[in-house]
Amino acid sequence: MQTKPDRSRRVLQRIAILVVSCLLLCGGLVLVSSLSTVEAYIQNDGSWTDTFTDTLGISLPMNNTTVDTVQGQVVLSPTQIFAQTDWSGGPGITSTTTTTDRYDSGMGVNTIVSGEVSLGYTLAADGSRADLNQDGYLDLVFSNYASGTISTTWQYEIDSYIYWGGPDGYTTTNRLELPTLGASSNAVADLDQDGYLDIVFSNIGGGSGPVPNPSGANSYIYWGSGQGYTTTNRTELPTNGSTGCSVADLDEDGDLDIVFSNYVTATTPISYEIDSYIYWGNGTRTGYSPANRTGLPTLGAVANYVVDLDQDGYLDIIFSNYRQNGGDYISTTYEIDSYIYWGSASGYTTTNRLELPTIGAHGSSVADLNGDGALDIVFSNRNTGDGSGYVYDLNSYIYWGDNGNRRNYTITNRTELPTMGSYGNSIAKLDNDDYWDIIFSNHQSSPVTHTIDSYIYWGSSTGYTTTNRADLPTIGAAGNTVGDLDNDGDLDIIFSNRRDGEDHNQNSYIYWGDGTKTGYSAANRDELPTLGTIGNSAVGSPIASANTTFGTIYAIPITGDTTIAEAMTTARIYAPTGVITSAGFGGGVVHDWKRVVWNADISAGTNITIYVATSDDGQNWSAWTQVAAGSVNGANEADLSSIPDSRYLRYRAILQASSDNRSPPTLYDIAFYGDYEPNGDVTSVQITPASLGAWKVITWTADISAGQAITIQVLDGGGTLIPDAHLPGNSTGFTSSPVDISSLNVITYPGLRLKASLATTAVTTTPALEDWSVTWDVAAPAPGKKVFLPIIIKNSN
């Protein structure tokens, strides 16, 4: 049995042993004295290791190498085999022939803007015109009224024209002809909300002779589709000598309605004091019918214009009234009122109507001309009669809005501008000075004199004057519209030339703009064949006051959430889908396809899907394989490892618009990677031990097959290769692990970097560096920093 002193002695001995054991575990002990005193310092090995589960140990950027953090290795980077950053101009954009061009820009794709592929917002056509429709080039729709050179044989049952926009301009070889009946105007909008623009034609009448016969002359809706426009895909709506049309959601039910200006009946006697029509839409093609129509009294109405004039959140309708009943054309009264039907929750009524004096009014346009916050109305006055003849030398009117009372349009707040038999007008900022300019189409100075100038009244801080006006030659100009037809950033003017004397076979004019007042001239003008054309539309032009003659499209109410500026901009309707298909690329050798990357702008509800196909001869292609079902805003990447190795690959990008067709996605670039770079290298971050006694070894693990190599070199902390004099063989590099680096002076090299060079002669495979390490001895503590542990052990024996 042990005594108490024995137990105490054993406890002390155990404590001493425990302390020594802890020191041994923490760093080792060096005994420097008798058993009663222990002196120790840390002699632990230091190490640094990177297993490549992240890039924290890598000095970026890497050179033709990449870190596979999933596999935990450094490998050679896939090679960029093909990349596209610009689709505008150049190969593949102006043609769909993939054998000579890089791309087939199919239906609905807009490639005009450099570095972008987006959806088009113009008219659709059949597949044979896939490179010239819904492509972002503005299309022109001319309403042809009559053909012929002698009034007794004028023909009204003729074709109207669509001139497709394109990189080569407008030509008769890129024109579609659609049957109409003495067409006066047109409006282009997506009535059935299927993403294809539909065309509404206001038809006055058919037959032949000095005047058209309105009997049975319905107006037309040509429905848009992927197959273009045909007479078999057309709806006819009863109208009475219709001369103008607008499209807008008048009752805010989400469906577009059509307003027709009715000029004259086919009854005997004929009447001009008749109703114009609102055909209410329901979102379908069958929704427009006489059973779903409202009549509004007008007087020989020519144009109509839909806008929220009083800014109360309801759309108003302006009718330009030309004449009333009674007498012949010379002796009738043209000095009559035009009408504003004010919109309201209960619709449109004659008791909620404003009447404004005009003289044989034809066209009208609206804008805040003087920037006071109230909308102003411009009426084109065409002619009056004095009993013995016509008078065309008339002033047209600006009715100024009153911001204090937005329904207060009066003759005391009106400006008169000299015009000559003016038919139509548009308002646009032509010379980039932020003032609205007014373009008047002057039709005639006498019954047989039509070769006269039309006018541009330039806007300024002091208003509109005859001394600040440009005169442009036209031939019986009727309507005009404005748009940037050649996508140069400057606005161009399209004049519909109706007639010269009795000759209706006249060319219409495009005056090309250059952003200055002097840019519009006969020397900078193109001509397009038309037939007595009256109205035209610049399809895709966003200028609400200038994109449609004798009507408007997509007017929106002005509320607290909608500004005047927004209301003056017409919404673009984008193609529901667009496709761009590349020609084959690659060739030469068989490629191991790795990934595709692309950058995109993906707004809400839009998408871009990527497909690829492969071929071994560039002629026979596999089926399309979807590699990306969707895209995100910004950078995108899709894996191609499941795509079979092949010599050639091509891609197809399908762009999808939002469900309301108001927003498109945009593709900015796309690149395809395959195989591996033949060589590359990677460098570690600087390895600088906090306590360095001596460098020891570097080690690494690698996966290397035949035709591959990995070479390791050692750099100083600044990234300079350590010379062979200090580390023999370093200039050539080391291919076997481990490598002794104990010869390196720790004073000269307090920090190191590792560099691995990877190479392969078979580009379909890559060597892999799986990890690398550096070890060193930790420095002894400086003198005076030794740790002394006095241990007194008494042995009772």
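In the predicted model, the second largest pocket encloses about 350 Å³ of space. Its lining is made up of 19 residues, and those nearest the centre of the pocket are Asp249, Gly254, Leu256, Tyr554 and Arg662. Sorted by class, the residues lining the second largest pocket comprise eight that are nonpolar, four that are polar and seven that are charged. Two domains take part in this lining, with at least three residues coming from each of domain 2 (81-122 + 573-676) and domain 3 (139-568).

These two domains also take part in the largest nonpolar core, which holds 44 residues. Within this core, the residues that touch the most other members are Leu140, Tyr170, Trp598, Tyr651 and Phe672. Two or more residues are given to the core by each of strand E10 (139-144), strand E11 (157-163), strand E43 (593-601), strand E44 (607-615), strand E45 (625-628), strand E47 (646-656) and strand E48 (666-674). Because residues of the core come from both domain 2 (81-122 + 573-676) and domain 3 (139-568), the core lies between these domains.

A further site considered here is Thr711, which forms part of strand E51 (residues 708-716). The relative accessible area of Thr711 is 18%, so this residue counts as buried, the cut-off for that class being under 20%. When residues up to four places away in sequence are left out, the contacts of Thr711 are with Thr732, Gly733, Phe734 and Thr735, together with Lys755, Ala756 and Ser757.

Notes:
Residues are numbered from 1 along each chain as its sequence is written. This is a predicted model: local features need pLDDT of at least 70, side-chain atom pairs count only at pLDDT 80 or more; totals for chains, interfaces and linings use all residues. Side-chain values use heavy atoms; hydrogens and water are left out. On a 1 Å grid over the protein atoms alone, a cavity is a set of points where a 1.4 Å probe fits but cannot get out, and a pocket is an open set with protein on both sides within 12 Å along at least five of seven lines; lining residues have an atom within 4 Å of a point. Grid points are joined across faces, edges and corners, and a volume is the space filled by probe spheres set on the points. Ala, Val, Leu, Ile, Met, Phe, Trp, Tyr, Cys and Pro count as nonpolar, Asp, Glu, Lys and Arg as charged, and the others, Gly among them, as polar. Domain bounds come from an automatic or database domain assignment. A nonpolar core is a set of buried Ala, Val, Leu, Ile, Met, Phe, Trp, Tyr and Cys residues joined through side-chain atoms within 4.5 Å. Buried means under 20% relative accessible area, exposed over 50%, partly exposed in between (1.4 Å probe, protein chains only). Helices (H or I, at least four residues) and strands (E, at least two) are DSSP runs, numbered from the N terminus. Contact means heavy atoms within 4.5 Å.
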